[in-house]
Amino acid sequence: MRIDFNDIDSMTFPGMNKGTGTMSARMYNDDSYRIIPTAIHPGGSIGAHMQDSGDDLNYVIKGTGKAYCDGIEESLMPGVMHICPKGSEHSIINTGEEDLVMLTIVVKK
């Protein structure tokens, strides 16, 4: 299977999950996966939410941030992956001056 994200329109989300600021994303979604190249813009965050559709894997490509999963804080930087298992609560915050660019893959369970 080949997915060309150039053919998927970018969407902008203000205050995702009651977070702050904005994020932009292109989303592929089927019965097994949700694959989302995303950018959380400076000052933005994805608010705390329950991860109920499956395991959420976030690979950082550019920028810096923090992730919280079940109360545990993790630093985010290029080359780091944050994994939030299904049933956990998590949030992600851009702490830098540039976009926090990630490839997010949700493996649905």
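The legends below accompany several views of a predicted protein model.

**Figure 1. Overall fold of the protein as a succession of strands.** The predicted model contains eleven strands and zero helices. Followed along the sequence, the secondary structure reads β-β-β-β-β-β-β-β-β-β-β. Among these strands are β2 (22-25), β4 (33-40) and β5 (45-50).

**Figure 2. Dimensions of the C-alpha trace along its principal axes.** The trace spans about 35 × 30 × 25 Å. A compact globule with 109 residues would have a radius of gyration near 13 Å, and the value for the protein, 13 Å, agrees with this expectation.

**Figure 3. Contacts, burial and accessible surface of the protein.** Of the contacts with a separation of 6 or more, 60% join residues that lie 24 or more positions apart. Buried residues make up 38% of the 109 residues. The accessible surface amounts to about 6100 Å², and carbon and sulfur atoms contribute 53% of that area.

**Figure 4. The largest pocket and the residues nearest its centre.** This pocket holds about 340 Å³ of space. Its lining consists of 21 residues, and those nearest the centre are Met16, Asn17, Ile36, His49 and Asp56.

**Figure 5. Strands and residue classes in the lining of the largest pocket.** At least two lining residues come from each of β2 (22-25), β4 (33-40), β5 (45-50), β6 (54-62), β10 (89-94) and β11 (100-108). Sorted by class, the lining comprises ten nonpolar residues, eight polar residues and three charged residues.

How values were computed. Residues are numbered from 1 along each chain as its sequence is written. This is a predicted model: local features need pLDDT of at least 70, side-chain atom pairs count only at pLDDT 80 or more; totals for chains, interfaces and linings use all residues. Side-chain values use heavy atoms; hydrogens and water are left out. On a 1 Å grid over the protein atoms alone, a cavity is a set of points where a 1.4 Å probe fits but cannot get out, and a pocket is an open set with protein on both sides within 12 Å along at least five of seven lines; lining residues have an atom within 4 Å of a point. Grid points are joined across faces, edges and corners, and a volume is the space filled by probe spheres set on the points. Helices (H or I, at least four residues) and strands (E, at least two) are DSSP runs, numbered from the N terminus. Ala, Val, Leu, Ile, Met, Phe, Trp, Tyr, Cys and Pro count as nonpolar, Asp, Glu, Lys and Arg as charged, and the others, Gly among them, as polar. The radius of gyration is taken over C-alpha atoms; the globule rule is 2.2 Å times the number of residues to the power 0.38. Buried means under 20% relative accessible area, exposed over 50%, partly exposed in between (1.4 Å probe, protein chains only). Contact means heavy atoms within 4.5 Å. Accessible areas come from the Shrake-Rupley method with a 1.4 Å probe; for residues, only the protein chains shown count as cover.
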